[in-house]
Amino acid sequence: MSQTKGSSAAAGEAARRRRLDWIAVHSVGIAAALFFVLPFVFLFLTSVMSDSQALSGGLWPNQWVWSNYVNIFHVPGFLTWWKNSLEYAVLGTVFTVLSSVPVAYALAKFRFPGRRLALMAVISMMMLPPQVVIIPMYLFWTNQLGLTGTLWPLIIPMIFGDAYSIFLLRQFLLTVPTEYLDAAKVDGCGEVRTLLKVVVPMVRPAIAAVALFQFFYCWNDFFGPQIYAASNPSSWTLSYGLQTLHSAHHTNWNLTMAATLLVMAPVIIIFFFAQRAFIEGVTLTGVKG
Amino acid sequence: MKIKPPVPPALRKRRRRDLRVALAFLAPWLIGFAVFFLYPLLATLYFSFMHYDGFNPPTFVGGRNWHYVFTVFPYFWPAVRNTLWLVIVMVAARTVFGLGIGMLVTRIKSGAGLFRTAFYLPYLAPPVAATIGFAFLLNPGTGPVNHILGDLGLPQPGWFNDPRWSKPSLVLLGLWGIGDLMVIFMASLLDVPTEQYEAAGLDGAGPFQKFRYVTLPNLRPIIVFAVVTGVITMLQYYTPAIVAGQVASGTISGSGQTYLPGYPDNSTWTLPQLIYNLGFQSNDDLGSASVVSIILFVLAMAFTSLLMRRNSGLMGED
């Protein structure tokens, strides 16, 4: 009798502990969520303030000026920046995927002398800060090819494979069982057909992740456009043009914040549609596939 | 003396064929490697010993550029000090915070998906947009953060406009974008075998001991990975530093533009900014810019080799 009483008291104690634990975890969770979400909220609230209020500050808009989101498109160049960003990101992504898949396949599945060396070369290239080689590259694109002032010096290299994408795809391709490839070869497929008919359909999620990363990389790139496109405003991208708004265009904070949120929007919208592929890709970058 | 057995002709033929097929697949990348990595790297090394302005032919000056960068160029040591500060504070803060948020996310039971998305989204914000956003939020005059601090009667720092606060402000921005580390830590936390926690619980371990003796040892490789990649990222830290300085000082970079690099008071100089400043901003001193490039390269590769050795998963020999 007393024994059951004791154990039910212990069970009650455990339930109470669990409840307290739940409350503690979720309180910390809500506090953390505020830290991550509030910046977006304040950016948004400022983006719909009137000009005069944006100058003086304040947290809540006195009146909601939705037309800011229309007026920002009247800022000279803003539409051109969109066009250029899209061009850079779309072409860059397509080129990268087309050129990187075969390289990753060879590195993951072929046995050939120098294979390890080639992999180390890919990793070295992946880790190379882009600023290290910028002096000779700038001279190359300017003096040899006269392409400075355009985005081509940033897009053309992607025809030759992107180290980061190659590495990521290779990690994923390692998980494809070699038996499938052997079976395809027994059926008389060459390496090219095996890649297209067997491998590519199997690694579609990885290809999606690489495409997303590359799109975001181009969309976010600041250093590249700063070096090659700065001299020619008609080649500016959003990431480069955005930071000139407040300073050079003397654009008020409300319009600047509207533009800032608009630049974030495509990336966040794409993320919601492709969340799975994206998270999978991020996990893939940290050790092991 | 050991004699290598002769390779049978059939095998040698197969190997040659394997190499040919591999080369066909690798060809585009091999060209890319030569043109966009090997050549510019060698050229950078060559330029670092030349006086070169990009127009007149380069002339050999021996170690003069190196001497100039180390002893005369006024921004080199501030950039090194800032980088060291970022390597220590930013990397430590991001690793600890990322692990903390990762642990929090694995323990949240209600609305887990919603929390996860909220924690992850800021990482996706394009760096330029995120930095401008923070430069606004933290701007000392009209920014919401100082507005709230003022209402609460708390001190209002100068954030990006105060040399003592500019780097901590960048850390705040770095913590906001913790999503990448959160996902990686989350995945590896879920991989820790539950039996180990149960066994520790039976031995009477409390939550702290479980963390110390079960979680940490299991997460060691991923922590090393986070720290080393964090260091490499900090070596090439560029966009947030330059954009925050520009927006806070009300100037912009770019050709024909003037801005105050390192604003405020040299507190945000980083190594890549030196390359940009020496090579592209009126200095036209491509030789000295190349010296900084070589230094940056050696540092980045040193840490990369650490990653290749420590982290067997990166090479993933099957």
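This passage describes the charged side chains and the cysteines of a predicted model.

Under the distance rule applied here, five salt bridges are counted over all chains. In one of them, which lies in chain A, the side chains of Glu191(A) and Lys185(A) meet with an N to O distance of 3.6 Å. Glu191(A) counts as partly exposed because its relative accessibility is 22%, and Lys185(A), at 33% relative accessibility, also counts as partly exposed.

Chain B includes a salt bridge between Asp180(B) and Arg94(B), whose closest N and O atoms are 2.8 Å apart. This pair links distant parts of the chain, since Asp180(B) belongs to helix α8 (residues 179–191) and Arg94(B) to helix α3 (residues 76–107), with their positions 86 residues apart. Both Asp180(B) and Arg94(B) are buried. A further salt bridge joins Asp162(B) to Arg164(B), with the closest N and O atoms 3.1 Å apart; here Asp162(B) is buried, with a relative accessible area of 13%, whereas Arg164(B) is exposed, with a relative accessible area of 67%.

Positive charge is also found in a surface patch, which is formed by Arg12(B), Lys13(B), Arg16(B) and Arg20(B). Of these residues, Lys13(B) is located in helix α1 (residues 9–47) of chain B, and because its relative accessibility reaches 62%, Lys13(B) counts as exposed.

A disulfide is a covalent bond that connects the sulfur atoms of two cysteines. The count of disulfides over all chains comes to zero. As for individual cysteines, Cys189(A) counts as buried because its relative accessibility is 15%, and Cys218(A) is likewise buried, with a relative accessible area of 3%.

Technical notes
Residues numbered from 1 in each chain as written. Chains lettered and ligands numbered in written order. Predicted model: local features only at pLDDT ≥ 70, side-chain atom pairs only at ≥ 80, totals over all residues. Heavy atoms only, no water. Patch = residues over 30% accessible without salt bridge, like charges linked within 9 Å, V, L, I, M, F, W, Y side chains within 5 Å. Areas by Shrake-Rupley, 256 points an atom, 1.4 Å probe, with all protein chains shown as cover. Salt bridge = Lys/Arg side-chain N within 4 Å of Asp/Glu carboxyl O. Lys, Arg positive; Asp, Glu negative; His and termini not counted. Charge placed at Lys NZ, Arg CZ, Asp CG, Glu CD. Helix = DSSP H or I, 4+ residues; strand = E, 2+ residues; numbered from the N terminus. Buried < 20%, exposed > 50% of the residue type's maximum accessible area, 1.4 Å probe, protein only. Disulfide = S-S within 2.5 Å.
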